[in-house]
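Good morning, colleagues. May I ask you to turn to the sequence and the model on the screen?

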Amino acid sequence: MADKPPAPVEGAAKDVLPIRQPKPAGNPVFRMMGMPNFRFKLPSRNWLIFLSITGSFTTAVLYDRYHKKRAQQRWCNLVSHIAHEPLPTRQMPRKITIFLSAPPGDSIRAVREHFHEYVKPVLAAAAMDWDVIEGRREGDVRAGLAEKIRKRRRKDGEKPVTSEETKPSEEEEDLVPEWRVTAGVKDWEGIQGDLVLGRHTWKEYVRGLHEGWLGPLDPPPDTSETSAAKHDAPPLPTEQLSAGDDESPTSDTLQTSDSSTATADSAKPPIEPAQAEAKKVEKPKTPVQTPPYISTSAYPSAPIAPTTPSVLAPTAILPLPHLLGFLNTPIRIYRFLNRRHLADETGREVAALVLASYVRPWDSKSEFMGSSPFPGHGNSTEEQRSNVPANHERWEPEGVLEGEERDWHKVAWKRYQGEPERVWRNSMVVEPRIVERMRRFDLTGAEEDLARKDEGKDPAAKGLWASVKETIGWEQDRAVRGWEHGSVGEESE
């Protein structure tokens, strides 16, 4: 017989407590969805440092970008009414001239990006038309502006001392105005205006303006093709010239060439003339830069052109902060986080040019500050005064954006052997007969107050709730009631 189980001991079940299942941790909803248990706690020390740094920098960038857009929109709203003004079909729109030049030590791409980011939005808001004169190297803007003024003087009736044949390019350019006159199209009769970006471009602009109106129509006698090519060729430093003389190959070295090279050349099959001509790919020649027709020291004795207008085209000078170098990274980061101030200042100057409601002459000062404010760049007091006549009266154009020269690359201050005139490194020299005719755009107090008052009020911008109602189609076809547009109704009759 099978053994019977032992009988339970009386009183043993009373001492044993029931086993309770552990309560599952976490949110039961997340547990049913199969999600892990999230425990909210502070991150570690390293994560706190990382998140604080990245979060602060991201916040600063977003804050600056938001206020930069608001500043640009403020000036765009101020000039946007010009785009809606009607224009006759037989009249050309207003066209301004923009002068761009590559900053020292960099390409022209940096200036183009600056123009598209800060200047073009305001011009596009007013539907302005413009013409650009670019300079890829030092002196291009000066040569382009001076040649443009000389063409205008020839068109107005001035004749050079030596008879010169008209170039084909000039004849083609003269055909377009003649066609417009034949078709009855009139030019803009109001103010046109010039826009200059950066201190280096401003110095070339002033130099070209003086050269065009004070210089002769005939080129100097020593400006032949060889001298122009020499002027256009990039000079070499003194150290490179001396090193190049030592490393230049001589005739003895060429005669004692390797015999194996000569044998390999003789073994090659002869190249037919047709193939040789096909291999010759003509590279586009770099345009030769026109040398100056007049020096700065000859300004006082040079006669002004008889066709010079009493008031020259007004100008608007825009800042162009451009700093290079790894050691300048903290300054560049600071400027990157404060681009809203640059957008506000640039938008104000461009709006003054577009409105053209107030044009003022340049001021003059009684004393000339010839000392160099930029030590360490090889721009000493003697060098500043080298091309400045004695008893020089300092004018306001000489000090415009003068602080930008501190940020220029050292290439702008380096000396070369046999170098031509350096417009960037030399101090600006002005002639009172020219400066008195120059003008500058500026905003009136009422226009600036109007722009500050309507800040951030974009007619095309909509709020979040208005965008939601437009998306769902709520009140889209609802008829406008009488009290919503101000009409009282038939009760007042």
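I shall begin with the chain as a whole, then take the strands, two individual residues, and finally the open and enclosed spaces.

Please bear in mind throughout that this is a predicted model. The chain contains 18 helices and six strands. Of its 493 residues, 32% are buried. If we consider contacts between residues at least 6 apart in sequence, 88% of them join residues at least 24 apart.

Let me turn to the strands. Strand β3 comprises residues 194–197, and strand β1 covers residues 95–101. These two strands run parallel and are joined by three bridges. Within that pairing, Ile98 has Leu195 of β3 as its bridge partner. Strand β3 is also joined to strand β4, residues 315–318, by four bridges, and this pair likewise runs parallel. Here Val196 stands opposite Ile317 of β4.

Are the faces of β3 covered or open? Both are covered: Asp194 and Val196 are buried on one side, and Leu195 and Leu197 are buried on the other. Leu195, the partner of Ile98, is thus described together with Leu197 on one face, while Val196 belongs with Asp194 on the other.

I come now to the first of the two residues, His210, which lies in helix α7, residues 199–214. What is the relative accessible area of His210? The value is 0%, which is under the 20% limit, and His210 therefore counts as buried. Its side chain has two polar contacts that I wish to point out. A polar atom of the His210 side chain lies 2.8 Å from the backbone oxygen of Val206. The His210 side chain also reaches the backbone nitrogen of Glu431, at 2.9 Å. Leaving aside residues up to four places away in sequence, His210 touches Gly215, Tyr299, Val429, Val430, Glu431, Ile434 and Val435. Glu431 therefore appears both in this list of contacts and as a backbone partner of the His210 side chain.

The second residue is Pro177, found in helix α6, residues 168–183. Its relative accessibility is 31%; because this lies between 20% and 50%, Pro177 is classed as partly exposed. Pro177 and Asp187 are 10 residues apart in sequence, and their C-alpha atoms are 9.2 Å apart in space.

Next, the enclosed spaces. How many cavities of 30 Å³ or more does a search of the whole structure find? The search finds three. The second largest cavity holds about 110 Å³ of space. Twelve residues line this cavity, and those closest to its centre are Arg207, Val423, Ser427, Met428 and Val429. One of these, Val429, is also touched by His210. By class, the cavity lining divides into four nonpolar, four polar and four charged residues.

Last, the open spaces. The second largest pocket has a volume of about 800 Å³. Its lining consists of 26 residues, and Pro321, His322, Leu323, Arg335 and Leu342 lie nearest the centre. The elements giving two or more residues to this lining are α4 (109–125), α13 (329–336) and α14 (339–355). Which element gives the most to the lining of this pocket? It is α4, with six residues. In terms of class, the pocket lining has 12 nonpolar, five polar and nine charged residues.

That concludes the presentation. Thank you for your attention.

Definitions and conventions. Residues numbered from 1 in each chain as written. Predicted model: local features only at pLDDT ≥ 70, side-chain atom pairs only at ≥ 80, totals over all residues. Heavy atoms only, no water. 1 Å grid on protein atoms, 1.4 Å probe; cavity = no way out; pocket = protein on both sides within 12 Å on 5 of 7 lines; lining within 4 Å. Points joined across faces, edges and corners; volume = space filled by probe spheres on them. Nonpolar A, V, L, I, M, F, W, Y, C, P; charged D, E, K, R; others polar. Buried < 20%, exposed > 50% of the residue type's maximum accessible area, 1.4 Å probe, protein only. Pairing = 2+ DSSP bridges. Polar contact = N/O pair within 3.5 Å; in protein donor to acceptor, adjacent residues only side chain to side chain. Contact = heavy atoms within 4.5 Å.
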